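Thanks for making the time this morning. I would like to walk you through one model, going from its sheet to its core and then to the parts where some caution is due.

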Amino acid sequence: MKSIGVLVVCLLGISGFLIGCASAAPADTSAQDVEGDKPAAKKVEAPVAATTNPEGVQTAVVAVDGKFSPAVLHVKKGQPVEVTFDTKNRSCAETVIFKVIDQTIHLKDGEKTVLKFTPKDAGTIDYACSMDMIKGKIVVE
Ligand SMILES: [Cu+2]
């Protein structure tokens, strides 16, 4: 029953959803491989580190076009982070959930959405659309 619900929601989405689905499924395994495995870099872009602005805020832009790019973002702990999600095509990622830091953002095509937080601990913050299909991660060092 759940899969039917997901299918319906997906069909209601933008046609770009198909691209999102196709790349989201294999991304599950390849995204985990990417840290230690070079071949996966073909499918998943290389991780990008946030840059620190003069105010001491780590900033980065994640482009949203049926997927998150870069899919892996690196930040340092104990320093405020501002990630701007620049959405061209959110596909089915209207809602993006960051479980570890207990935050949720809402994306809209043609708009920029800023996620703000200060990472307290090193680790990986996995995030995904509400259906857990389009995924990304923020690695805290
Ligand atoms: Cu989704």
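**The open sheet and its edges**

Let me begin with the open sheet, which has 6 strands in the order 1-5-11-10-7-8 and in which the pairing is mixed. At its edges stand strand 1, residues 48-49, and strand 8, residues 103-106, and because each of them has a single partner strand, one side of each is left without a neighbour in the sheet. If you look at the strand 8 edge, you will see that strand 7, residues 95-98, pairs with strand 8 in the antiparallel sense over 4 bridges, and that Thr-95 has His-106 of strand 8 as its bridge partner.

I should say at this point that what you have in front of you is a predicted model. The protein contains 2 helices and 11 strands, and reading from the N terminus the two α elements come before the run of β elements. Of its 141 residues, 28% count as buried, and among the contacts between residues at least 6 apart in sequence, 55% join residues that are at least 24 apart.

Now to strand 3, residues 58-65, which has several pairings worth following one by one. With strand 2, residues 51-52, strand 3 pairs in the antiparallel sense over 2 bridges, and here Thr-51 has Thr-59 in strand 3 as its bridge partner. The hairpin made by strand 2 and strand 3 has 5 residues between the strands, and within this hairpin Gly-56 takes a positive phi near 85°.

Strand 3 also pairs with strand 4, residues 68-69, again in the antiparallel sense and over 2 bridges, with Val-64 standing opposite Phe-68 of strand 4. These two strands form a hairpin with 2 residues between them, and Gly-66 in the turn has a positive phi of about 75°. With strand 6, by contrast, strand 3 runs parallel, and 8 bridges join the two; Asp-65, for instance, has Asn-89 in strand 6 as its bridge partner.

Staying with the loop between strand 3 and strand 4, we find Lys-67 there, and one may ask whether Lys-67 is buried or exposed. Since 24 other C-beta atoms lie within 10 Å, and 20 or more is the cut-off, Lys-67 counts as buried. The C-alpha atom of Lys-67 is separated by 8.0 Å from that of Ser-91, which is 24 residues away along the chain.

Which residues have the most contacts inside the largest nonpolar core? That core has 22 residues, and the ones with the most contacts inside it are Val-62, Leu-73, Val-83, Ala-93, Cys-129 and Ile-134. Two or more residues each are given to this core by strand 3, strand 5 (72-75), strand 6 (81-89), strand 10 (123-129) and strand 11 (135-140), and the largest share, 4 residues, comes from strand 10. Taking Val-62 as an example, and leaving aside its neighbours within four places in sequence, its contacts include Leu-73 and Val-83, along with Phe-68, Phe-85 and Gly-136.

Finally, a word on confidence. The pLDDT averages 80 over the protein, and 69% of the residues score at least 70. Over residues 1-38, however, the pLDDT is below 50, although this stretch does have 42 contacts in the model beyond near neighbours in sequence.

Definitions and conventions
Residues numbered from 1 in each chain as written. Predicted model: local features only at pLDDT ≥ 70, side-chain atom pairs only at ≥ 80, totals over all residues. Buried ≥ 20, exposed ≤ 12 C-beta atoms within 10 Å, placed from the backbone. Contact = placed C-beta atoms within 7 Å. Core = buried A, V, L, I, M, F, W, Y, C linked by C-beta atoms within 7 Å. Pairing = 2+ DSSP bridges. pLDDT = per-residue confidence, 0-100.
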